Structure formats: C-alpha cells, structure tokens
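Me: I'd like to talk through the cavities in this one. Before we start, can you pin down the terms for me?
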Amino acid sequence: MTHILAIDQGTTSTRAILFDEKMAVAHVAQKEFTQIFPQSGWVEHDVEEIWDSVVAVCQSVIAKSGDIAAIGITNQRETTIVWDRETGKPIHNAIVWQDRRTSDFCNELKAEGFEAEIRQRTGLLADPYFSATKVRYILQMVEGAQEKAAAGKLLFGTVDSYLIWRMTGGTRHVTDATNAARTMLYNIRDGIWDTTICERLGVPMSMLPEVLDCAADFGTTDMFGPEIPILGVAGDQQAATIGQACFDPGMLKSTYGTGCFALLNTGHELVESKNRLLGTIAYQLDGKPTYALEGSIFIAGAVVQWLRDGLGIIEKASDTQPLAEKADPSVELYLVPAFTGLGAPYWDAEARGAVFGLTRNAGPAEFARAALESVGFQTRDLLDAMTADWPGATHGAALRVDGGMAASDWAMQFLSDIIDAPVDRPKVLETTALGAAWLAGMRAGVYPTQEEFANTWALDAKFTPKMEKADRNRRYSGWQNAISRTRS
C-alpha cells in the first residue's frame, strides 16, 4: 500500500502522520519538545531538539509501512533559524514566532515611516512576529555573525528550510511561497526577495533560500532508507487552508492550535487591509499565487496549557470543557490572554494578560470558561475586521474550523454564538497535515486534482447560533472593554 508521509513540525510538538492512498490517517507519532523562555516575552527552541523530534517520529511511523511515495512538510511559521553553511550548526537557538524581543526595533521602523514600505511589498506589518527582525537580532547579537553572513557563510530559513537542508544532506536550501511570505523579506506582489527591505535590515541576500511552489521538487532524502522525494511544503496555517479545501474566494477557515489563525481566501486579489489584518499568500500552485487576508491570534490553545501548567486547575486539556460547563452563569469573567502581546487586529507587542470581572464566586470553573470564551471573542475580532476589509467577505458565512480546540463542542458552540454564524467541523481534523500530504501526493500522482480533493471534504458537526442578540452584544461589549483596558 502506498503512503504519503506528512511531517507536521509545530510550536510545541512534532508529529509524523502516514496517510494511505485514500488520504485516510494510517499511523501517527508525536513528540513534544522544550519551550525556552529566557526573559518575559522571549520564546526559543533548541534547533537540535526539534531535529531529533522529527527524526524520531518519522522513524516511528515509517517502521509501520516502508512504502512511502513522497513527503510533505508543514511547519510553525516565522520561527527563525540561522546556521553555518559549512557545518550545518545553528549559531543561536531558534527564535519562535511568539517572541517579542525585537519590538523596540519595530517601533523604530514605524517611527521612520518604513512600515508603509513593508506593507506595500510584503502585506505584513512591522512586528516582532515575523522572521526578518529576528534574523537581524541574531546577526547583531552573535559575535562575528554579521561578517560571516556578508561573506556568504551563514544561511537563514524558517523551520521547513532547515529540515529540508538537513534531510537532503545540505544540498537543497529552499522554501515555499507561503513560508517566504511570512518572513517580512519577501515581496508577495512580485514573487521575489525584496532587496530594499533586506538592505534596511542588514540581511544579506546570500542567506535566503530559493522560493518554490507549494507542490514542487524540494529534493530527496535517504535518511530513512531508500530515497524519498519531498514534494509538498506549506506553512501550517496555509496547509490547513488547503486541507480544509478553502479553494474558492470568500471561503474561510480558522485553526485553533497554540494560537488561532483565520484565513479568508481572496483569490487573485491582494487586499490591502484597513483594519491591520495581513495580506498573505494562501498557496501557490503552477507559479500562480492565491492570496488571503489573515488574522493571527497569539494565544488560543496555549491558554488551556496555561490552565494546566500555570494555574494547575486541570490535568489535561480535555478537562477544560466539563469544568467550564460547571461555571456560575452570573459570573462574567473576561480573560485576555495577552501573554506575549496582542495580535490582530490590535498588534500591541507590549500588552500583557489580564483578568476582569473577578468576584468571590470566581474559581477554577469560571477561569476555564473564560479561557475558552477568550478564543471565541478573539475570533470575532478577526472576522469583523475581515468583513470590513473586503466586499467578498460575507457576514454570517460558515467558518470551517480545525485544530485541537475544535474538538470541544462547548467551545465551538460558543464560537458560533459569538460570531453569529455557522461553524463547520470536518470529519478529518488533521487538516494541517492533510494539506501537506495532499500537496505531496498530488505532485507524486497518488492523490486527486484540486477539484476532486475539494469534493472529499466531509462535515462532522455543524454548530449554529443559539445566543440571543442582546446577550451576544452585551458579552462582546464586555470583551471590547476588557481589551481597551489591557492595551498598553
């Protein structure tokens, strides 16, 4: 039986998933790795630990089926790795997308008016979220790095690039258009690395990988036995968009992992947001980019991790829903999980988490409910901004959801209630890995065409609004008040 191996390298864990010839999940392996917090608002990963986790999970699933036609890779986006071209050794820990250490420099770019250049060329904002200022930081902070980079001795890549470089024995330094689009160095209008931005940030062009379509020949690897081609790559949120078959303009998906990321397909139109959303590439096939509006929330599933690891009020994520169901309805607690700042549409790097509405009756159940509700409220923020930005966005259009938190019926019902729209949960929740697998499998001739693939999307559950309009407006007004009091 022919299989496709999807490597899903995420923010807190790495997974390998084998899909069979019918695109059904055959085998899964997962391994968590260490989160490093050197200072408040700083987040790093040990690059070698990421690599070891990838090797371990791949070996685990490949041992169960040796017939692998192709590999697809999806990855945490924006996370930045700089390594030595000759030795392959990283010169610094990976700086994670959540990291806010370059906020002061981003403020400098805004003060000098350079953010307008960045928005015009990349669709992004001058924010620490993206890779560019992280690269600059590493080059400035590691002794001799700027000189080595200028001499062509250092390479930069997002996680996909580094994995491919290692898997191909250092023969291929490549990425795909979706990951390139998240670096703040890539001109998504012209499809090239942007010399103006690179020069302003002091990032030599020699460091940058070649940019390919999402389905392309990224190289081959023999590290698991016979050579296997790597034929599909997409950043995790774009891979989920593909896995959700959001191929038509106006289709919308939201993924609830560590963070929450909503993408609205805008077709061949790159929308310039007036509400501080991002213009980005949804996917690129046959050399033609399809664009999207994206809203990024830094903390979604991570707030449940905080309930477990920070407060200790749950033992596992699945405990959150039954606890939330016990909450006192008279206590309206608002939890703003700005642990590493606020993402879209606020982009406040200095904001930090806050709780409003505490009473003597507030306890673990109320905190659990507030944590789940915070994700719904933040999603409403994004969808309202999208509707305001683009005429093709229809208020009340169905939202396709995926990610770990999408498994919670309670959270999805509240989401439907607060956005006043249907929420559609697919039968296959592994949409991120599925998107990467389909790209590789389609390129390999194992999986169907785009249109046929879209027809395989199947509904597991539909949640429709049940909350009264007055309650919805009152609750959301309370959230907006909490946000206004949290912002720096």
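Reply: Sure. Helices here are DSSP runs of H or I with at least four residues, numbered from the N terminus. Keep in mind that this is a predicted model.

Me: Okay, so which helix gives the most to the lining of the second largest cavity?
Reply: That's α13, with 4 residues. α13 covers 409-419, and α12 also supplies at least two residues of that lining.

Me: Which residues line the second largest cavity?
Reply: Tyr256, Leu372, Val375, Gly376, Met405, Ala411, Met412, Phe414 and Leu415. By class, 8 of them are nonpolar, 1 is polar and none is charged.

Me: And how much space lies in there?
Reply: About 40 Å³.

Me: Let's back up. How many cavities of 30 Å³ or more are there?
Reply: The count is 3. The largest cavity has a volume of about 50 Å³.

Me: What lines the largest cavity?
Reply: The lining is Ser296, Ile297, Phe298, Leu342, Gly343, Ala344, Tyr346, Gln378, Asp381, Trp479 and Ile483.

Me: Which helices and strands supply at least two residues each there?
Reply: One strand, β18 (288-297), plus the helices α12 (364-389) and α16 (469-486). You'll remember α12 from the second largest cavity, where it supplies at least two lining residues as well.

Me: How does the lining of the largest cavity divide by class?
Reply: There are 7 nonpolar, 3 polar and 1 charged residues. Asp381 is part of that lining, and Asp counts as charged.

Conventions: Residues numbered from 1 in each chain as written. Predicted model: local features only at pLDDT ≥ 70, side-chain atom pairs only at ≥ 80, totals over all residues. Heavy atoms only, no water. 1 Å grid on protein atoms, 1.4 Å probe; cavity = no way out; pocket = protein on both sides within 12 Å on 5 of 7 lines; lining within 4 Å. Points joined across faces, edges and corners; volume = space filled by probe spheres on them.
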